[in-house]
Amino acid sequence: MTEAFFVVVLVAYLIGTVLPLVFYSNNRINIPIAHAFALIASGAGIIASVLALTGATAVTVTIFPSPVFGATSLSLDGLSAFFLLTISLVSLAVSIYATPYMVKTAGKRSAAGFGALYNLFLLSLVMVVTVDNAFYFVVFWELMTLTSYFLVVFDYKKIQTARAGFQYLVMTHVGTAFILFSLIALSVHAGGFSFAGFKAAQASLPMGLKNAIFISALLGFSTKAGLVPLHVWLPRAHPAAPSHVSALMSGVMIKTGIYGLIRVLFDFLSPTPWWWGLLILILAMVSAILGVMYALMEHDIKRLLAFHSVENVGIIMMGVGLAVIFSSFGFVPAALLSLTAALFHLINHAIFKGLLFLGAGSIQYSTGTKNIEELGGLIKRMPTTAALFLIGSLAISAIPPFNGFASEWLTFQSILQANLIGDVSLQLIVLLAVPALALTGGLAATCFVKAFGITFLSLPRSERAANAKEVPVPMLVGMAILGLLCLALGVGSPVFIPIPWHVATSFFNGASEMPSFNPLLLRLPNSQGHASMSLLLVAALLAVVSLASVVLTGLRGKRSVTTGPTWDCGIPEVTPRMQYSAAAFTRPLKIVFSAIYQPRRQVEVESEASPYFPLSISYESSLYPVFERQLYRRFINTLVRMARRARMIQAGNINLYLAYIFATLVILLVFVWR
Amino acid sequence: MEFLAQKIAIGIGQALFVLLSAPLFTSLMKKVKAHFQCRFGPGLLQGYYDIWKLLKKDAVISEHASWVFKTTPYVVFSATFIAAVIVPSFAVVLPTAGIGDAIIVIYLLGLARFFTAIAGLDTGSSFGGMGSSREMMISSLCRTGYDDRAFCPCRCRRFDRLWRHYHKITRDGACVTGLPLTVHGVPDYSGGGDGPGAGR
């Protein structure tokens with residue numbers, strides 16, 4: 001049964017890859033076809049993964065056997081099924097959304113190739129998380145990288161897009177090289193490419209090799225996941241793609257990096273030393289804080305969201321790092337809790353980030369701009385989009401009763417298990433994650449007050465924003481699905497959490513299922529007894545108390561409500577220019593954190609006679625790109641310098657090349673002579 | 001059954017106590033502040049007078065404002081009220097104890113703050129923008145502070161014992177650390193201009 005649905009997923013994506021190309025020249029046919037098949041495949045994917053997660057045995061589908069590299073079998077074990085569920089949930093909503101969006105974005109260009117690549121990209125995502133052979137893993141990983149590259153550079157005539165795409169291609173390939181190293185090292189040791197073989201051989205891995213494999217896997221997979229300092233491609237490439245693809249890349253594709261890391265850490269390299277976890281945890285904290293800080297200063301809505309992906313990958317990685325630390329000390333329940341938190345935040349992030357990127361796409365669809373400084377007042381012009389974007393903003397800011405809060409709460413709970421650790425200094429470093437996570441949540445809320453407030457509220461700041469219209473129904477439906485999921489996974493968290501918990505149990509010996517199940521109340525065992533939370537009750541109380549207060553204030557009888565213009569200090573009329581801008585809104589924090597941002601600004605005042613009566617003032621501000629300048633620029637400079645040295649041998653002089661040939665000949669002769 | 005009824009009665013009693021005493025605490029804080037600045041300050045009942053007066057007044061809403069502006073007061077009130085109800089101010093056994101812990105209280109106040117801030121941006125006035133920018137700046141830094149305070153046992157020396165103690169009190173519901181949260185949390189919004197930054 002599960003197999004049948006899984007085969008439907010693969011076949012539907014394949015048909016979706018081929019069929020749009022048949023109707024190459026007609027966008028009216030190829031766009032709906034491409035997304036309809038993606039939709040069928042996503043639906044089947046949800047069913048297959050739910051069946052696999054609730055069923056007892058792992059499901060395997062063999063495609064074609066190869067004598068050298070082993071059979072290409074796709075298997076749905078717990079972790080794979082969980083990732084398939086994540087991918088399918090987001091791609092379901094995105095595929096509904098995409099048709100009208102693509103019709104407008106493609107314009108007169110043929111979208112057939114794009115639709116084909118879209119399906120191929122989703123297929124490669126599914127195969128990456130389900131394949132159980134290292135060789136094919138790398139093949140599908142490459143396929144995923146390349147298809148996503150072509151999706152990013154859809155708008156290739158724009159110079160920034162082309163550049164962002166190139167940077168993405170280079171960085172992910174450097175990452176792939178590291179992944180390749182770790183997988184080859186594993187397969188040389190295990191004597192085969194199959195994941196089962198890796199698992200069987202893990203006990204005999206020498207420590208030095210194990211560390212090398214871990215470091216290169218961490219470098220490779222965190223490049224894809226966008227962990228600081230390997231995140232620089234992410235805020236460029238994600239915004240360059242069409243928005244529904246950004247939603248898939250930010251929501252789902254970067255998660256394959258986390259999938260790879262979890263697979264390698266807990267399946268192939270256990271038992272793990274504790275310092276691995278500490279390294280991951282520290283990188284995760286830095287990512288979370290820096291990601292949200294850079295997001296705060298960003299006024300391009302898609303770049304802002306991309307930086308938030310860096311932040312959220314940090315939060316997910318906190319859980320992964322904690323799981324490594326706890327499992328290395330043998331605290332299985334705590335490790336289980338941490339990995340559950342990581343997986344739960346992973347699916348939650350996929351959902352709310354998908355929603356927010358689709359919201360950004362809708363904004364771009366109806367106003368033609370991504371710059372929030374040009375927007376405003378959209379809540380009156382696009383009320384449904386505004387409400388859904390607000391839900392996404394609340395969820396990503398970890399505000400109850402939405403899903404972002406539920407998983408951050410779990411992450412807090414797993415950090416608080418640190419009292420189990422005997423070593424006090426390690427304990428204190430781990431506990432640093434509490435203020436780090438709290439600061440992240442606070443700054444994220446600030447960032448989304450800005451993003452929502454400046455974009456949707458008050459008066460439109462440009463003609464384009466003033467003429468905005470609500471987007472077509474399919475786009476709203478796509479967003480509404482994700483919006484409902486944000487609420488459902490929040491209030492329904494006690495019902496959902498046993499799933500990631502069950503997935504996590506397979507990685508730890510002696511792990512048990514969730515001890516108690518109560519659909520109303522999430523009750524988790526921890527080192528101090530238990531912790532409990534109920535977002536359903538919070539939501540119900542919020543509704544009841546709000547209603548009661550509405551009724552109670554209404555009891556005194558109708559009070560008169562006057563509507564009038566906003567007070568403007570006596571100036572004849574409120575103009576959009578009087579409003580607070582996004583730059584002004586975040587300026588206080590720019591000053592507070594100026595050590596990190598290192599802001600630069602340029603003010604030019606043009607005046608004729610007296611400086612007190614300026615004709616025009618231009619203000620430009622920028623942040624010092626620390627990582628680009630300090631890390632990457634230096635690295636690239638060294639690379640270029642080495643390349644220049646190597647160029648010495650390529651002088652372009654034909655006599656020199658003849659000399660090379662002659663020298664080679666002599667050397668070869670000498671070899672033969674002996 | 002009788003026990004449950006008792007629990008609910010205690011819970012409602014405490015909720016009413018928090019609701020009715022919040023203006024008193026605001027005035028008390030103002031009084032203490034005034035004392036430090038060598039002023040007399042308003043009387044202790046001033047908070048009640050203010051609320052009474054505000055309830056009698058008519059409303060003026062900007063023509064640029066949207067539904068966000070109109071719903072914010074209700075969201076802020078209910079979020080803060082629920083946060084206060086979860087925190088055991090004097091009762092040990094609460095029906096609401098299972099809803100959550102210190103973390104949910106802090107984030108519920110975050111919900112209130114989020115809506116306050118977007119309502120500030122809703123009218124298109126630069127003063128509203130200024131206020132919400134300031135509010136979010138202070139609160140995002142402060143929330144870390146709040147957490148530090150809630151988790152302060154972890155910085156103490158006799159780590160394990162204090163830790164267990166802290167968790168016991170959050171679990172059972174008898175919480176001394178809860179009171180400062182209530183005092184800080186409730187007047188934030190019922191008292192008007194006294195943000196957490198001003199109070200500290």
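In which loop of chain B does Cys38(B) lie? In this predicted model, Cys38(B) is placed in the loop that runs between α1 (2-36) and α2 (46-56) of chain B. Its phi is near 55°, a positive value in a residue that is not glycine. Cys38(B) has 6 C-beta neighbours inside 10 Å and therefore counts as exposed, the limit for that class being 12 or fewer.

Chain A holds 27 helices and 7 strands. The C-alpha atoms of this chain occupy a box of roughly 105 × 70 × 60 Å along the principal axes. For 674 residues, a compact globule would be expected to have a radius of gyration near 26 Å, and the 27 Å of chain A agrees with that expectation. Of the 674 residues in chain A, 53% are buried. Among contacts in chain A with a separation of 6 or more, 79% are made by residues 24 or more positions apart.

The mean pLDDT of chain A is 89, and 98% of the residues reach at least 70. Within the chain, confidence is lowest in strand β3 (residues 522-526), with a mean of 74, and highest in α15(A), at 96. Where pLDDT is low, predicted coordinates should not be read in detail.

A UniProt annotation from an unreviewed entry, "domain: NADH:quinone oxidoreductase/Mrp antiporter transmembrane", covers residues 134-421 of chain A. Over residues 134-421 the chain is 79% helix and 0% strand. The C-alpha atoms at the two ends of this stretch are 35 Å apart.

Most peptide bonds are trans, and most residues other than glycine have a negative phi. Chain A contains exceptions of each kind. The bond from Ser270(A) to Pro271(A) is cis, with omega near 0°. Pro271(A) belongs to the loop between α10 (243-268) and α11 (274-296) of chain A. A cis peptide bond also joins Pro400(A) and Pro401(A), where omega is about 5°. Pro401(A) sits in the loop between α15 (383-396) and α16 (403-415) of chain A. A positive phi, near 45°, is found at Gln598(A), a residue other than glycine. Gln598(A) is located in the loop between α25 (594-597) and β6 (599-607) of chain A. Because 13 C-beta neighbours lie inside 10 Å of Gln598(A), this residue counts as partly exposed.

Pro401(A) is also one of the residues touched by Val491(A), once residues up to four places away in sequence are left out. The others are Leu535(A), Leu536(A) and Ala539(A). Val491(A) lies in helix α20 (residues 473-491) of chain A. Val491(A) is buried because 21 other C-beta atoms lie within 10 Å, and the class requires 20 or more. Between Val491(A) and Asn403(A) the C-alpha distance is 7.5 Å, although these two residues are 88 residues apart in sequence.

Gly554(A) is part of helix α23 (residues 535-555) of chain A. With 10 C-beta neighbours inside 10 Å, Gly554(A) counts as exposed. The C-alpha atom of Gly554(A) is separated by 97 Å from that of Ala659(A), which is 105 residues away along the chain.

The contact between the two chains takes 57 residues from chain B and 62 residues from chain A. On the side of chain B that touches chain A, the elements giving two or more residues are β1 (59-62), α3 (67-86), α4 (102-122), α5 (126-150) and α6 (159-172). The largest share of this side, 15 residues, comes from α5(B). By residue type, the side of chain B that touches chain A divides into 28 nonpolar, 18 polar and 11 charged residues. The two chains are also linked by strand pairing. Strand β5 (residues 561-564) of chain A and β1(B) run parallel and are joined by 4 bridges. Within this pairing, Thr562(A) has Val60(B) as its bridge partner in β1(B).

Methods
Residues are numbered from 1 along each chain as its sequence is written. Chains are lettered from A and ligands numbered from 1 in the order in which they are written. This is a predicted model: local features need pLDDT of at least 70, side-chain atom pairs count only at pLDDT 80 or more; totals for chains, interfaces and linings use all residues. Two residues are in contact if their C-beta atoms, placed from the backbone, lie within 7 Å. Ala, Val, Leu, Ile, Met, Phe, Trp, Tyr, Cys and Pro count as nonpolar, Asp, Glu, Lys and Arg as charged, and the others, Gly among them, as polar. Two strands pair if DSSP finds at least two bridges between them. UniProt positions are given in the numbering used here, feature names are shortened, and annotations may be inferred rather than shown by experiment. The radius of gyration is taken over C-alpha atoms; the globule rule is 2.2 Å times the number of residues to the power 0.38. pLDDT is the predictor's confidence in each residue, from 0 to 100.
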